[in-house]
Amino acid sequence: MGSQDLARLGISADLAVHYVKTGWLVRLAHGVYSRPGESLALHPCLRLLERKMAELHVGGKTALDWYGMRHYVSQRPVTQLYGWNAAKLPEWFTTRFPAEYHRKRLFKEEPNSLMHAGPFEKQEGAPHVSEPERALLEVLSDVGVRQSLQEARELTQSAHTLRSNVLRELLRSCTSVKTVRLCLQLGKEFALPWVTKLDVAEFPLGSARPWVSRSSEGLLVLKR
C-alpha cells in the first residue's frame, strides 16, 4: 500500500506513523507500507510502481513467458520491466522480486497511450504488460546489448500465433532499423505464417547498407 491508498482508507500520514510505531503497519520505504507478517505479491506491487514510474510495464521475455511463450525455465526468473523515463527500481521491490528496468522508446508513441500494452489479459486491476507482438520486438531490440541472439531466435521460432495486423502497426512505428530487419529476417527464416502477410515496403528499413553487429556470438548481418 502507498500513502494514497492509506489516505483513501482515512489513514493520515501522522496516523500511519503511529501505526508503524505500534506494529500495525510495516514501513517498507518512504510512502510504502505493508501489513506485518504478510508476504508481498508481485502483481499488486507492480501496480503500486506503475503509479510512481511513467508507463511502467512488464515486457520482453517476461511478457512472452506470461503468455506461455518460453524456451528456458528459470529457477529464479528476472522480471523484465520497461518504462518511459530513466529510473531505478526501489530496493524494497528488487530484494523480493529480481527484476531489471530499461528505459525504452522503441515506437513512435506518446505517454499514456502505449501501443499494445495494457492490463494483463484485460483483467481489471492487473499489471500492465506488453502484448506478445510488442514483447517479441522488445526482445529483438535488445539483441547485441543484453539479449543473446540464440535465445531471441528460439523465442521467435515459437511465435507462430502472432497477429500480423498488430505486428504491422508496431513495425510501421518502430524506431529501430535493427529490430525491424531482425524481425522480418527471422520470420522468413522460420517460415512463420504472419510474415507472409506483411509488406516490407511499409516498414522503416533504413538505407540499402547491411546492418552489422559483432558480439560474442559472432557477426550479425541484417540486410535491407
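Two bridges join strand E3 (residues 57-58) to strand E4 in an antiparallel arrangement, strands and helices being DSSP runs (E, at least two residues, for strands; H or I, at least four, for helices) numbered from the N terminus. Strands are taken as paired where DSSP finds at least two bridges between them. The model is predicted, so that local features require pLDDT of at least 70 and side-chain atom pairs count only at pLDDT 80 or more, whereas totals for chains, interfaces and linings use all residues. Residues are numbered from 1 along each chain as its sequence is written, and side-chain values use heavy atoms, with hydrogens and water left out.

Across the junction of E3 and E4, His-57 stands opposite Tyr-82. E4 also pairs with strand E5 (residues 99-103), here in the parallel sense and over five bridges; within this pairing, Gln-80 has Glu-100 as its bridge partner. Strand E4 (residues 79-83) is mostly covered, five of its five residues being buried, where buried denotes under 20% relative accessible area, exposed over 50%, and partly exposed the range in between (1.4 Å probe, protein chains only). In a regular strand the side chains alternate between the two faces of the sheet. In E4, Thr-79, Leu-81 and Gly-83 point one way, Gln-80 and Tyr-82 point the other way, and all are buried.

The protein as a whole contains nine helices and nine strands. Its C-alpha atoms fill a box of roughly 65 × 35 × 30 Å along the principal axes, and buried residues account for 46% of the 224 residues. Helix H6 (residues 132-141) is largely enclosed by the rest of the structure, because 10 of its 10 residues are buried. Among them are the charged residues Glu-133, Arg-134 and Glu-138, together with Leu-136, Leu-137, Val-139 and Leu-140.

Strand E1 (residues 26-29) pairs with E2 in the antiparallel sense over three bridges, and Val-26 stands opposite Ser-34 in E2. The two strands form a hairpin with two residues between them, and Gly-31 in the turn has a positive phi of about 80°.

Strand E2 (32-34) also contributes to the second largest pocket, since E2 and helix H3 (42-50) each supply at least two residues of its lining. A pocket is defined on a 1 Å grid over the protein atoms alone as an open set of points where a 1.4 Å probe fits, with protein on both sides within 12 Å along at least five of seven lines; lining residues have an atom within 4 Å of a point. The volume of the second largest pocket is about 270 Å³, a volume being the space filled by probe spheres set on grid points that are joined across faces, edges and corners. Of the 18 lining residues, Met-1, Tyr-33, Leu-40, Pro-44 and Cys-45 lie nearest the centre. H3 gives the most to this lining, with four residues. By class, the lining comprises 10 nonpolar, three polar and five charged residues, with Ala, Val, Leu, Ile, Met, Phe, Trp, Tyr, Cys and Pro counted as nonpolar, Asp, Glu, Lys and Arg as charged, and the others, Gly among them, as polar.

Aromatic pairs were assigned where the rings of Phe, Tyr and Trp (its six-membered ring) have centres within 6.5 Å, with planes under 30 degrees apart classed as stacked, over 60 as edge-to-face and the rest as tilted. Five aromatic pairs result from this rule. The rings of Tyr-19 and Trp-24 have centres 5.1 Å apart and planes at 45°, so this pair is tilted. Tyr-19 is buried at 19% relative accessibility, whereas Trp-24 is exposed at 57%. Trp-66 and Phe-120 form an edge-to-face pair, at 5.2 Å centre to centre and with 70° between the planes. Because Trp-66 lies in helix H4 (residues 60-66) and Phe-120 in the loop between strand E6 (117-119) and strand E7 (128-130), the pair ties together parts that are 54 residues apart in sequence. Phe-120 is buried, with a relative accessible area of 11%, and forms one aromatic cluster with Trp-66 and Tyr-67.

Polar contacts were taken as pairs of N or O atoms within 3.5 Å; within protein, one atom must be able to donate a hydrogen and the other to accept it, and residues adjacent in sequence count only if both atoms are side-chain atoms. Ser-176, in the loop between helix H8 (164-173) and helix H9 (177-189), is buried with a relative accessible area of 17%. Its side chain makes a polar contact of 2.8 Å with the side chain of Thr-179. Glu-189 lies in H9 and is partly exposed at 41% relative accessibility. A polar contact of 2.7 Å joins the side chains of Glu-189 and Arg-153.
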